[in-house]
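Got the viewer open? Here is a short tour, one selection after another.

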Amino acid sequence: MNEQLTLEMLIEQIQNADDNIRAAARDNAGQVGAPAIAPLAKIACEGELEIARAANRAMLNIVYHAGRPGASDESKAVSAELIKLVGTDPPLQFRRDVLWMLWQIAGPEAVPPVAALLTNPDLRDDARMCLEGLPPSEAVAALQAGIQAAPDDFKPAMAHSLGKRGVATPGVPD
């Protein structure tokens, strides 16, 4: 793709019936950045299967692009847009995908909304894994608080994540 991809072009091309046009848009989405996250999320949640997949992969390419060394402002902007998507509205699998994207790129700003999902039976494992991968110490504190409130069947998984972060959990098998 020789010309600069704009947000409008990306959204139009990601919804194109031609697989090659859609793939090129998906593969070059990183350069569009954070402004594309919300429109792509809408397509990923509502579009026809292959178009929805392309939109989801375009979001992932934006995450990878923004996560490159020296792009901390882009990374923070993309993370902020992703955080908006872990609420209750998007479909469950999409929220799981967003949690995976967040641990790739987010910092301490993602900890509170992700930690809040530790009590969601459908998303608690995804939230736990996201917190396990987030770099800040706030994530460890959220896991420590989460294990205290976790139901017994979830405590071993929480202990495992804390163990991976170097925190012992005496009395809880991991």
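Start with helix H6, residues 92-105, and show the side chains of Trp 100 and Trp 103: both sit in this helix, three residues apart, or about one turn. Keep in mind as you click around that this is a predicted model.

What kind of aromatic pair do Trp 100 and Trp 103 form? Turn the view until you can see both rings: the pair is edge-to-face, with 6.0 Å from centre to centre and 85° between the planes. No need to hunt for others, as a search of the whole structure turns up one aromatic pair.

Now switch on a surface. Are these two tryptophans buried or exposed? Neither: Trp 100 counts as partly exposed because its relative accessible area is 39%, between the 20% and 50% cut-offs. Trp 103 is also partly exposed, at 33%.

Next, head for the interior. Select Leu 40, Leu 82 and Leu 102, the residues with the most contacts inside the largest nonpolar core, which has 58 residues. Helix H4 gives the most to this core, with nine residues. As a rule, nonpolar side chains in soluble globular proteins tend to be buried together.

Stay on Leu 40 and bring up its surroundings. Leaving out residues up to four places away in sequence, Leu 40 touches Leu 10, Ile 11, Ile 14, Ala 55, Ala 58, Met 59 and Ile 62.

Three of those names lead you to helix H1, so select residues 7-14: Met 9, Leu 10, Ile 11, Gln 13 and Ile 14 are buried there. What do they pack against? Colour helices H2 (19-27), H3 (37-46) and H4 (49-66), and you have the partners of H1's buried residues.

Jump to helix H8, residues 124-133, and pick Glu 132. This glutamate is buried, because its relative accessible area is 12%, under the 20% cut-off. Beyond its neighbours within four places in sequence, Glu 132 is in contact with Leu 143, His 160, Ser 161, Lys 164 and Arg 165.

Last stop: the largest pocket, with a volume of about 160 Å³. To outline this pocket, select Ala 115, Leu 118, Thr 119, Pro 121, Arg 124, Ala 142, Ala 145, Gly 146, Ala 149, Ala 150, Pro 151 and Phe 154. Which helix gives the most to the lining? That is H9 (residues 137-149), with four residues. Colour the lining by residue type and you get nine nonpolar, two polar and one charged.

How values were computed
Residues are numbered from 1 along each chain as its sequence is written. This is a predicted model: local features need pLDDT of at least 70, side-chain atom pairs count only at pLDDT 80 or more; totals for chains, interfaces and linings use all residues. Side-chain values use heavy atoms; hydrogens and water are left out. Buried means under 20% relative accessible area, exposed over 50%, partly exposed in between (1.4 Å probe, protein chains only). Helices (H or I, at least four residues) and strands (E, at least two) are DSSP runs, numbered from the N terminus. Contact means heavy atoms within 4.5 Å. On a 1 Å grid over the protein atoms alone, a cavity is a set of points where a 1.4 Å probe fits but cannot get out, and a pocket is an open set with protein on both sides within 12 Å along at least five of seven lines; lining residues have an atom within 4 Å of a point. Grid points are joined across faces, edges and corners, and a volume is the space filled by probe spheres set on the points. Ala, Val, Leu, Ile, Met, Phe, Trp, Tyr, Cys and Pro count as nonpolar, Asp, Glu, Lys and Arg as charged, and the others, Gly among them, as polar. Rings of Phe, Tyr and Trp (its six-membered ring) pair if their centres lie within 6.5 Å; planes under 30 degrees apart count as stacked, over 60 as edge-to-face and the rest as tilted. A nonpolar core is a set of buried Ala, Val, Leu, Ile, Met, Phe, Trp, Tyr and Cys residues joined through side-chain atoms within 4.5 Å.
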